[in-house]
Amino acid sequence: MKFSQEDIDYIISKGLTVEKIELQLQTFQKGLSFINLKSAATLNDGIIKLNKQQEQEFITLFEANKDDKSILKFVPASGAATRMFKFLFNFLKTYNTKQSSINAYVNKFNATELAVFMVGLEKLPFYKSVINSTKTYFKNYDSLSGNDKLVAFIKTMLDEDKLNYSKFPKGLLPFHNYQNYVANAFEEHLYEAALYAVSNKKAKLHFTISEKHLEQFKAACKEKQETIETKTNVIFDISYSFQSEQTDTIAVTSKLKPFRDEKNKLHFRPSGHGALLQNLNNLNADIIFIKNIDNIVVSKYKNEIASYKKILAGLLLDLQNKSFDFMRKIETKELTEPEIIEIAEFLRRQLNVIISSEFEKYSIKYQIEYLKEKLNKPIRICGMVKNEGEPGGGPFWVWNNTGTISLQIVESAQIDLNNLSQKQIIENATHFNPVDIVCGIKDYKGNVFNLDEFIDKNTGFITNKTHLGKTIKALELPGLWNGSMANWNSVFVEVPIRTFNPVKTVNDLLKPAHQL
């Protein structure tokens with residue numbers, strides 16, 4: 001591909017190289033292989049279910065050790081709220097008040113989301129604010145018909161020259177309506193962190209955000225932090241980072257040629273949440289909780305959420321303690337055959353590592369090298385919830401390119417849905433990934449792993465998007481909890497569905513977890 005000097009200058013201005021872009025274009029040409037699923041991970045086959053005694057033991061272990069550990073809560077929060085209101089934008093685009101009533105529109109187009117929105121309108125956390133603004137923008141509001149009042153309400157909420165909610169960062173949108181105030185997701189994450197992500201009465205939170213939203217987040221923090229610290233008796237250390245433009249990927253047309261905008265400039269896109277591995281790689285903490293910005297609850301449910309976070313963190317500490325003890329043995333002494341067998345069984349039974357069928361044939365020296373390589377990795381403990389039809393990736397046993405098998409979180413875009421055997425495996429899946437993860441990113445000496453070394457770079461995926469009304473193809477990096485963590489040691493634990501309460505559409509704010 002020949003680029004003009006203007007193209008090259010633009011590529012370099014983004015911190016990219018022509019060679020890197022050419023490799024991306026080659027990837028579009030060659031395509032990316034689908035993941036080869038072996039089977040769904042299920043209870044007692046890749047997913048564990050803890051009993052009450054075990055849960056309490058892990059909570060106790062975490063509580064006993066937390067003040068000796070550095071703890072961090074990592075919150076991906078770069079998204080705008082646009083997709084929350086997608087069905088309302090479609091309604092404004094297609095509805096004509098002069099031609100039919102809204103009820104007729106709902107029936108004609110089976111617009112169930114709109115119907116739910118209408119019924120629950122007054123329960124939305126921003127209802128009073130929007131209705132007051134609507135009356136300001138539409139002076140004749142009180143004399144409008146019911147249909148026109150709803151249209152005016154939605155336009156006030158979404159129009160760029162009015163409240164423009166869809167352009168808000170999702171973390172700063174009103175989420176929960178308490179008696180005296182309305183809380184956004186950002187401050188709810190602080191309250192929640194105070195219940196578990198605390199060491200020596202300090203809580204560190206790191207939000208990955210869009211750079212254009214930085215001042216808004218800082219303002220929200222300045223407004224709320226002192227009050228929350230007083231209420232929780234916890235001091236907060238809040239930091240931010242951005243998804244680097246150096247991780248952006250070039251977009252192409254349906255004919256796999258570089259897509260150009262109306263000014264003939266190359267078009268680049270953020271490469272998905274896998275780009276956030278670089279943000280995670282720049283952090284230093286013993287225990288890192290990962291949770292998306294929109295997965296939050298009202299105050300009365302927070303203690304239960306916190307308990308399950310402590311359980312997962314306690315399990316992480318337990319497995320790290322054992323793993324680190326084994327690593328020290330490997331480093332400092334000659335292992336006996338029973339000790340080698342003990343380590344192999346620990347890897348197999350507790351870290352879900354499939355030990356090579358050739359292992360017993362290896363020399364003692366190579367057996368020890370093999371076990372060391374399997375042990376000396378970051379560990380992630382992932383909560384998994386029963387599949388009740390929510391969108392999201394799922395836990396599967398996967399065939400790797402080397403012919404080995406490993407436990408992975410896989411997105412539907414990575415799977416060949418035209419392959420009947422693969423489709424059957426998906427249909428047999430019992431759980432999915434709510435992004436409820438606790439990570440250990442340090443080795444037994446306390447050094448932070450270079451997380452780039454544990455990526456499966458073959459697990460990115462190509463998706464179809466729309467830009468300027470045209471279909472384009474976009475290249476996404478291996479997802480943060482997918483291919484970017486493919487070579488970590490992974491433990492999947494069943495957690496209750498009630499711990500997963502994302503806000504994907506505005507109607508999700510009407511669910512019990514978001515209502516008092």
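Colleague: Why is Cys 439 called buried?

Modeller: Its relative accessible area is 0%, and buried means under 20% (exposed is over 50%, partly exposed lies in between, with a 1.4 Å probe and protein chains only). Cys 439 is therefore buried by that cut-off. Bear in mind that this is a predicted model, where local features need pLDDT of at least 70, side-chain atom pairs count only at pLDDT 80 or more, and totals for chains, interfaces and linings use all residues. Residues are numbered from 1 along each chain as its sequence is written, and side-chain values use heavy atoms, with hydrogens and water left out.

Colleague: And what makes Cys 221 buried?

Modeller: Cys 221 has a relative accessible area of 9%, so it also falls under the 20% limit.

Colleague: How do you know how many disulfides the structure has?

Modeller: A disulfide is a pair of cysteine sulfur atoms within 2.5 Å, and a search of the whole structure finds zero. Take Cys 439: the nearest cysteine sulfur belongs to Cys 382 and is 7.2 Å away, so Cys 439 is in no disulfide.

Colleague: Let's turn to H13. How do you know whether its span fits the number of residues?

Modeller: Helices are DSSP runs of H or I with at least four residues, numbered from the N terminus. H13 covers residues 337–350, which is 14 residues. The expected span is 1.5 Å times one less than the number of residues, here 20 Å. From first C-alpha to last, H13 reaches 20 Å, close to that expectation.

Colleague: Which residues of H13 are buried, and why are they said to line one face?

Modeller: They are Glu 339, Ile 340, Ile 343, Ala 344, Phe 346 and Leu 347. Seen down the axis, they fall within an arc of 155° (taken from the directions from the helix axis to the C-beta atoms), so they line one face. These residues pack against helix H12 (302–332) and helix H14 (364–375), contact being heavy atoms within 4.5 Å. The face turned away from the buried side carries the exposed residues Glu 337, Pro 338 and Arg 349.

Colleague: What makes the chain agree with a compact globule?

Modeller: The rule is 2.2 Å times the number of residues to the power 0.38, with the radius of gyration taken over C-alpha atoms. For 516 residues that gives a value near 24 Å, and the chain has 25 Å, so the two agree. Buried residues make up 53% of the chain, and its C-alpha trace spans about 85 × 60 × 45 Å along the principal axes.

How values were computed
Helices (H or I, at least four residues) and strands (E, at least two) are DSSP runs, numbered from the N terminus.
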